[in-house]
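Grab a pencil and work through a few exercises on the chain shown below. Try each task yourself before you read its solution.

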Amino acid sequence: MDNENMIRLAWTIDENTNEKVPAITTDTFSNGPGVRAVVWTQGCIHNCKGCHNPETHDPLGGTYVSIDDIVTTIKSNKLLTGVTFSGGDPLHPANELDVKNLCAEIKEKFPNKTIWKLDRKSTRLNSSHTD
């Protein structure tokens with residue numbers, strides 16, 4: 001598989017079909033201001049005590065999804081005010097370039113939407129992974 005223009009996402013279980021699907025939440029109010037999409041990345045080295053998503057730690061887990069498919073998903077919900085990156089660690093070395101590319105696409109196609117990421121230490125938004 002050619003992984004160019006792709007991003008590795010975690011898996012989730014679809015509530016309606018009970019099947020594994022790539023983890024993109026399309027209408028949440030709990031991951032930032034307004035109505036947001038959440039892109040759940042795969043890969044994390046922090047091993048935080050009490051992590052809510054330990055299944056996202058393996059950088060080789062999850063599945064690849066095209067950036068175009070994610071952009072289409074975002075476009076399908078006219079009520080979205082922004083996109084939040086979570087996971088795993090959106091800035092894990094395995095994710096960093098892909099997340100950067102997806103952010104560039106989002107900024108280009110949806111200039112009025114905000115882009116946030118969750119901080120591993122405080123769950124504040126738009127913070128970086130600093131100790």
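## Loops, strands and a core

Asn47 sits in the loop between strand 5 (36-41) and strand 6. Keep in mind that this is a predicted model.

**Exercise 1. Work out whether Asn47 and Asn53 are buried or exposed.**

Step 1: Place the second residue. Asn53 is also in the loop between strand 5 and strand 6.

Step 2: Take Asn47. Its relative accessible area is 56%, and the cut-off for exposed is over 50%, so Asn47 is exposed.

Step 3: Take Asn53. Its relative accessibility is 18%, and buried means under 20%, so Asn53 counts as buried.

Step 4: Look at the surroundings of Asn53. Not counting residues up to four places away in sequence, Asn53 touches Trp40 and Gly87.

**Exercise 2. Find the sign of phi at Asn18 and at Asn47.**

Step 1: Asn18 has a positive phi of about 65°, although it isn't a glycine.

Step 2: Asn47, again a residue other than glycine, has a positive phi near 50°.

Step 3: Now locate Asn18. You'll find Asn18 in the loop between strand 2 (11-13) and strand 3 (20-22). With 63% relative accessibility, Asn18 counts as exposed.

**Exercise 3. List the order of helices and strands along the chain.**

Step 1: Count the elements. The chain holds two helices and eight strands.

Step 2: Start at the N terminus and read on: the order is β-β-β-β-β-β-α-β-α-β.

Step 3: Check how far apart in sequence the contacts reach. Take contacts between residues at least 6 apart in sequence: 62% of them join residues at least 24 apart.

**Exercise 4. Sort the residues of strand 1 by the way they point, and find the partner strand.**

Step 1: Recall the general pattern. Side chains in a regular strand alternate between the two faces of the sheet.

Step 2: Apply it to strand 1 (residues 6-9). Met6 and Arg8 point one way, while Ile7 and Leu9 point the other way. All of them are buried.

Step 3: Find the partner. Strand 1 is joined by four bridges to strand 6 (residues 63-66), and the two run antiparallel. Across from Met6 you'll see Ser66 in strand 6.

**Exercise 5. Describe the largest nonpolar core.**

Step 1: Begin with the whole chain. It has 131 residues, and 40% of them count as buried.

Step 2: Count the core. The largest one has 18 residues, and those with the most contacts inside it are Val39, Ile70, Ile74, Val83, Phe85, Leu102 and Ile106.

Step 3: See where they come from. Strand 1, strand 5, helix 1 (67-75), strand 7 (82-87) and helix 2 (96-109) give two or more residues each to this core.

Step 4: Zoom in on Val39. Beyond its neighbours within four places in sequence, Val39 contacts residues including Leu9, Ile70, Val83, Phe85 and Leu102.

**Exercise 6. Explore the second largest pocket: which residues line it?**

Step 1: Get its volume, which is about 340 Å³.

Step 2: Pick out the lining. There are 17 lining residues, and the closest to the centre are Thr12, Ile13, Ala23, Ile24 and Thr25.

Step 3: Sort the lining by type: eight nonpolar, six polar and three charged.

Step 4: Trace the lining back to its strands. Strand 2, strand 3 and strand 4 (24-28) each supply at least two residues.

Technical notes
Residues are numbered from 1 along each chain as its sequence is written. This is a predicted model: local features need pLDDT of at least 70, side-chain atom pairs count only at pLDDT 80 or more; totals for chains, interfaces and linings use all residues. Side-chain values use heavy atoms; hydrogens and water are left out. Buried means under 20% relative accessible area, exposed over 50%, partly exposed in between (1.4 Å probe, protein chains only). Two strands pair if DSSP finds at least two bridges between them. On a 1 Å grid over the protein atoms alone, a cavity is a set of points where a 1.4 Å probe fits but cannot get out, and a pocket is an open set with protein on both sides within 12 Å along at least five of seven lines; lining residues have an atom within 4 Å of a point. Grid points are joined across faces, edges and corners, and a volume is the space filled by probe spheres set on the points. Ala, Val, Leu, Ile, Met, Phe, Trp, Tyr, Cys and Pro count as nonpolar, Asp, Glu, Lys and Arg as charged, and the others, Gly among them, as polar. A nonpolar core is a set of buried Ala, Val, Leu, Ile, Met, Phe, Trp, Tyr and Cys residues joined through side-chain atoms within 4.5 Å. Contact means heavy atoms within 4.5 Å.
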